[in-house]
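Student: I have a model open and would like to learn how to read it. Where should I begin?

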Amino acid sequence: MRVLIGLIALLTPAASMAHSGHHHTDGLAAGLSHPLLGGDHLLAMIAVGLWAGLSGGRALIGYPIAFVAAMLAGAFIGVGSAALPAVESAILASVMVFGALVALATRAPMAVSLAGLMLFGLAHGYAHGIEGPGGASYAIGFVIATAALHGLGIALARLGMPTTRALGGAVAVAGVALVFV
């Protein structure tokens, strides 16, 4: 219940400002903080872990690895300043989609799941790349933070199916709310 209350607290307008306020001069600190300071990134990354934990088996490792690999590719594109359309929409959609997949206890074929994870991971990574200071230490920071959030989601999934599904529903609702703040 405390986790659910914490997720609902993320609905505040300040939490949804995922792409502002990243003024660290240290690349590692900026990389570690970027996924944690934006409600959209935070919720999507926890939801990836929830979905992996709920799915079990190869998804426990495959889902986070696919997301992080695509996120790194997206960051590389972002640092290079190449245009990637509809990034913010894709990031918001990822929160809603991942939350709904968990809430509905969806078990899609692995190839379909990985493709979706990589598409959304690319968008999240692009946002990291275009807005951060760049460099290896920055990338290491956001990879560590993302992996930790995925791990948190996997750990939360161990609370059991009803709780995990409720958390997924809360993430999906938070995603919808972020559209309006």
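Tutor: We will go from the whole chain to its helices and then to single residues. Keep in mind that this is a predicted model.

Student: How many helices and strands does the chain have?

Tutor: Start with the secondary structure, which gives the parts list. Here the chain has 8 helices and 0 strands. Read along the sequence, the pattern is α-α-α-α-α-α-α-α.

Student: What share of the residues counts as buried?

Tutor: Burial is judged by relative accessible area, and under 20% counts as buried. By that cut-off, 46% of the 181 residues of the chain are buried. The chain exposes about 8,000 Å², and carbon and sulfur atoms supply 75% of that area.

Student: What do the contacts say about sequence separation?

Tutor: Look at contacts between residues at least 6 apart in sequence; in this chain, 83% of them join residues at least 24 apart. Two pairs serve as examples. Leu42 and Thr146 are 104 residues apart along the chain, with 8.3 Å between their C-alpha atoms. Ala136 and Leu28 are 108 residues apart in sequence, and their C-alpha atoms are 8.3 Å apart in space.

Student: Are Leu42 and Ala136 buried or exposed?

Tutor: Take each in its helix. Leu42 sits in helix 3 and is buried, at 13% relative accessible area. Ala136 belongs to helix 7, residues 136-157, and is exposed, at 57% relative accessibility.

Student: At what angle do the axes of helix 2 and helix 3 cross?

Tutor: For a helix pair, read the axis distance and the crossing angle together. Helix 2 (residues 27-37) and helix 3 (residues 39-55) have axes that come within 5 Å and cross at roughly 85 degrees. Angles of 65 to 115 degrees count as roughly perpendicular, so helix 2 is roughly perpendicular to helix 3.

Student: Which residues meet there?

Tutor: From helix 2, His34, Pro35, Leu36 and Leu37 take part; from helix 3, their partners are Gly39, His41, Leu42 and Met45. The residues of this contact divide into 5 nonpolar, 3 polar and no charged.

Student: How many residues of helix 3 are buried?

Tutor: Count them along the helix. In helix 3, 16 of the 17 residues are buried, so the helix is mostly covered.

Student: What span does helix 3 reach, and what is expected?

Tutor: Compare the distance between the end C-alpha atoms with the expected span. Helix 3 reaches 24 Å from its first C-alpha to its last, close to the 24 Å expected at 1.5 Å a residue. Helix 5, with 17 residues, should span 24 Å, and its end C-alpha atoms are 24 Å apart, which agrees. For the 21 residues of helix 4 the expected span is 30 Å; the end C-alpha atoms are 29 Å apart, which agrees.

Student: What covers the buried residues of helix 4, and what do those of helix 5 pack against?

Tutor: Find the buried residues, then see which elements touch them. In helix 4 the buried residues include Tyr63, Phe67, Met71 and Gly74. Their cover includes helix 3, helix 5, helix 6 and helix 7. In helix 5 the buried residues include Ile91, Val95, Phe98 and Val102. The buried residues of helix 5 pack against helix 3, helix 4, helix 6 and helix 8 (161-179).

Student: What is in contact with His128?

Tutor: For a single residue, note its place, its burial and its partners. His128 is in helix 6, residues 110-131, and is buried at 0% relative accessible area. Leaving aside neighbours within four places in sequence, His128 is in contact with His34, Pro35, His41, Met45, Met71, Tyr138 and Phe142. Among these, His34, Pro35, His41 and Met45 also take part in the meeting of helix 2 with helix 3.

Student: Where does phi turn positive?

Tutor: Check the residues that follow helices. Gly56, just after helix 3, has a positive phi of about 70 degrees. Ser81, just after helix 4, has one of about 60 degrees. Helix 5 is followed by Ala105, with a positive phi near 50 degrees. Ala105 is not a glycine; this residue lies in the loop between helix 5 and helix 6 and is partly exposed, at 21%. Ala86, also not a glycine, has a positive phi of about 60 degrees. The loop between helix 4 (59-79) and helix 5 (87-103) holds Ala86, which is exposed at 54% relative accessibility.

How values were computed
Residues numbered from 1 in each chain as written. Predicted model: local features only at pLDDT ≥ 70, side-chain atom pairs only at ≥ 80, totals over all residues. Heavy atoms only, no water. Helix = DSSP H or I, 4+ residues; strand = E, 2+ residues; numbered from the N terminus. Buried < 20%, exposed > 50% of the residue type's maximum accessible area, 1.4 Å probe, protein only. Contact = heavy atoms within 4.5 Å. Areas by Shrake-Rupley, 256 points an atom, 1.4 Å probe, with all protein chains shown as cover. Axes fitted to C-alpha atoms, helices over the stretch in contact; angles between N-to-C directions. Parallel < 35°, antiparallel > 145°, perpendicular 65-115°, else oblique. Nonpolar A, V, L, I, M, F, W, Y, C, P; charged D, E, K, R; others polar. Expected span 1.5 Å × (residues − 1).
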